[in-house]
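Me: I would like to go through this chain with you, setting each value against its definition. Here is the entry.

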Amino acid sequence: MTVVTLPELIKDLQLEVVYEGEQNKIFINTSDINRPGLQLANYFTFFAEGTAARLQVIGLIEIAFLNNLDAKTRKERLEKYCSYQLPCVILCRGIDPLPDIKEAALKHKRPLLKTDLVTTEFINIASNYLDSKLAPHMTQHGVLVDVYGLGVLLLGESGIGKSETALELVKRGHRLVSDDVVNIKKVARKRLIGEAPAAIRHFMEIRGVGIINVQAMYGVGATINAKGIDLIVELEPWEKGSYCERLGLDETFLNLLGVDIHKITIPVKPGRNLAIIIEAAARDFRLKKSGYNAAQDLNEKILASDNKE
Amino acid sequence: MIKKEITVTNETGLHARPASMFVQKASKFKSSIVIEKGDKTINAKSIISVLSGGIGKGTQITLVIEGEDEQEAEKALVALIEGNFGE
């Protein structure tokens, strides 16, 4: 399971450490955030079951509320609040911690952090950051290209011509995302983003030539760092008699990280211009997405003319 | 399927020339060959993939080989790594 460590969080969100706690033992595994208003009002139902493990963010309102309590109650509440397994408590708007908060945090070894940002702004930033860090991810052997704005993932065994096809696509004005290794991240319920590992970004291997730098050769317009994955094109060795789609009426999907992505399979034969076929597939996919299906249209036209006769 | 743990011992690790020798050798076999390094999986038949793996001297890797010629593939690749790529 993916987690974010506290030192990572502190560094990436530029937090100021008021009290360290036991930083090395703390991991954050949810992108949910809790503003502990209800807990400070002494309502702890469901708190232990999940809410306590969230990032705890205290803003002006919570502080104002705490200041309104009498000293004894405030101390008790904070004690009780900090006795749960909190990953850390973050104070927004650069508020200096009340001595009571510091004391309670210290007693239970809960890290106490500070940011100058306004509470809602910080919550947005933290939540986006955690979402992206904690997103499910995988590495896929394949080539990712942006064709007419669609992210097309080329799959197929080594040596079938994925890189060569991508190169031809780049030459025709499309953009390379990654050759051979694609890091895929699930950023929303139905959306996958693919990118190249930083070390090999813009590089490609063409058999017989060697390693080439696509950006240096074809310019900055020939590459893009990350792209959503819309369509999968599987390249398959051409075999006589094997089934392939002739109409385009049926839809096939490949499931990656729990997301179904449209897939088409293209038989490969020496001399077949794959780049043009993939361009056609991408255009066709866009038409289908907008509601037009050529096979259906043809079928309807034929039926209509049959009826006339 | 064969799983073989092995440590890379040559000076430069699986970079540049050794990586290319390794990929050349792996590509000769029909079996699928994957290198596992920690939680990373690397396609042994792709030079870009092998280079991106950052496999330096002393790195422990696992070769996962599956297919009709897996025995021969394992023998050849292990010999290459153990022989330090002729360095």
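Me: What share of the 309 residues of chain A counts as buried?

Reply: In this predicted model, local features need pLDDT of at least 70 and side-chain atom pairs count only at pLDDT 80 or more, while totals for chains, interfaces and linings use all residues. Residues are numbered from 1 along each chain as its sequence is written, and side-chain values use heavy atoms, with hydrogens and water left out. Buried means under 20% relative accessible area (1.4 Å probe, protein chains only), and 43% of the 309 residues of chain A count as such.

Me: Why is chain A called more spread out than a compact globule?

Reply: The globule rule, 2.2 Å times the number of residues to the power 0.38, gives 19 Å for 309 residues, whereas the radius of gyration of chain A is 27 Å, well over that value, so chain A is more spread out than a compact globule. Along the principal axes, the C-alpha atoms of chain A fill a box of roughly 90 × 55 × 30 Å.

Me: What describes the packing of α4(A) and α5(A)?

Reply: Two packed helices are described by the angle between their axes and the distance between the axes. For helix α4 (residues 71–82) of chain A and helix α5 (residues 99–107) of chain A, the angle is about 35° and the axes are 9 Å apart, the axes being lines fitted to C-alpha atoms over the stretch in contact, with angles from 0 to 180 degrees between N-to-C directions. By class, their contact (heavy atoms within 4.5 Å) has 6 nonpolar, no polar and 6 charged residues.

How values were computed. Chains lettered and ligands numbered in written order. Helix = DSSP H or I, 4+ residues; strand = E, 2+ residues; numbered from the N terminus. Nonpolar A, V, L, I, M, F, W, Y, C, P; charged D, E, K, R; others polar. Buried < 20%, exposed > 50% of the residue type's maximum accessible area, 1.4 Å probe, protein only.
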